[in-house]
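Please open the model in your viewer and keep the selection panel at hand. The stops below move from a single residue outwards to the whole chain.

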Amino acid sequence: MKAECIGDKVKLKDKLYPCTVSMAMDLVGGKWKTVILYHLKDESKRYSQLLKEMNGITEMTLSLQLKQLEQDGLIDRKVFGDKPPVKVVYSLTDFGKTFVPALNAILAWGNQIAGKQGEFIGIF
């Protein structure tokens, strides 16, 4: 029997999943979560930097995805200052950094697909 299927379910933070793949995809799945993690893998960034770098994401979507990633413990949100405008910086937590090897594999796979079946077009 496969390790992810030893029991009937997998539990993480009071959520039940049918397998570990389902659990992992809940944490990093969707259109934007992995992209956000990619942009934070090498350095901390402010909200405005992320918004600028992630062409096509709306402010509301970025805000929601950042909150979910923070709740799941993958990113850390640090607020500097007491009065508006405050400086907010996002970074990977130690738990979030454990996903970097998977991010690098996804990046390499995407580059391979683009190189063989697609093409890289200019700078956005």
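Select leucine 69 first, which is found in helix 4 (residues 59-71), where helices are DSSP runs of H or I with at least four residues, strands are runs of E with at least two, and both are numbered from the N terminus. Leucine 69 is buried, with a relative accessible area of 0%; buried means under 20% relative accessible area, exposed over 50%, and partly exposed in between, with a 1.4 Å probe and protein chains only. This is a predicted model, in which local features need pLDDT of at least 70 and side-chain atom pairs count only at pLDDT 80 or more, while totals for chains, interfaces and linings use all residues. Residues are numbered from 1 along each chain as its sequence is written, and side-chain values use heavy atoms, with hydrogens and water left out.

Which residues is leucine 69 in contact with, leaving aside its neighbours within four places in sequence? Add Leu27, Lys33, Ile36, Leu37, Leu74 and Ile75 to the selection, since these are the contacts of leucine 69 once those neighbours are set aside, a contact being heavy atoms within 4.5 Å. Then show valine 28, which lies 41 residues from leucine 69 along the chain, although their C-alpha atoms are separated by 7.9 Å.

Move next to helix 1 (residues 20-28), which packs against helix 2 at an angle of about 65 degrees with the axes 8 Å apart. Axes are lines fitted to C-alpha atoms, for helices over the stretch in contact, and angles run from 0 to 180 degrees between N-to-C directions. The two helices, helix 1 and helix 2, are therefore roughly perpendicular to each other, because angles of 65 to 115 degrees count as such, under 35 as roughly parallel, over 145 as roughly antiparallel and the rest as oblique. To see where they meet, display Asp26, Leu27 and Val28 in helix 1 together with Lys33, Thr34 and Leu37 in helix 2.

Keep helix 2 (residues 33-40) in view and bring in helix 6 (residues 100-117), which packs against helix 2 at about 105 degrees with the axes 10 Å apart; helix 2 and helix 6 are therefore roughly perpendicular. Here Thr34, Leu37 and Tyr38 in helix 2 meet Leu103, Ile106 and Leu107 in helix 6.

Finally, zoom out to the protein chain, which has 6 helices and 5 strands in the sequence pattern β-β-α-α-β-α-α-β-β-α-α. Of its 124 residues, 27% count as buried.
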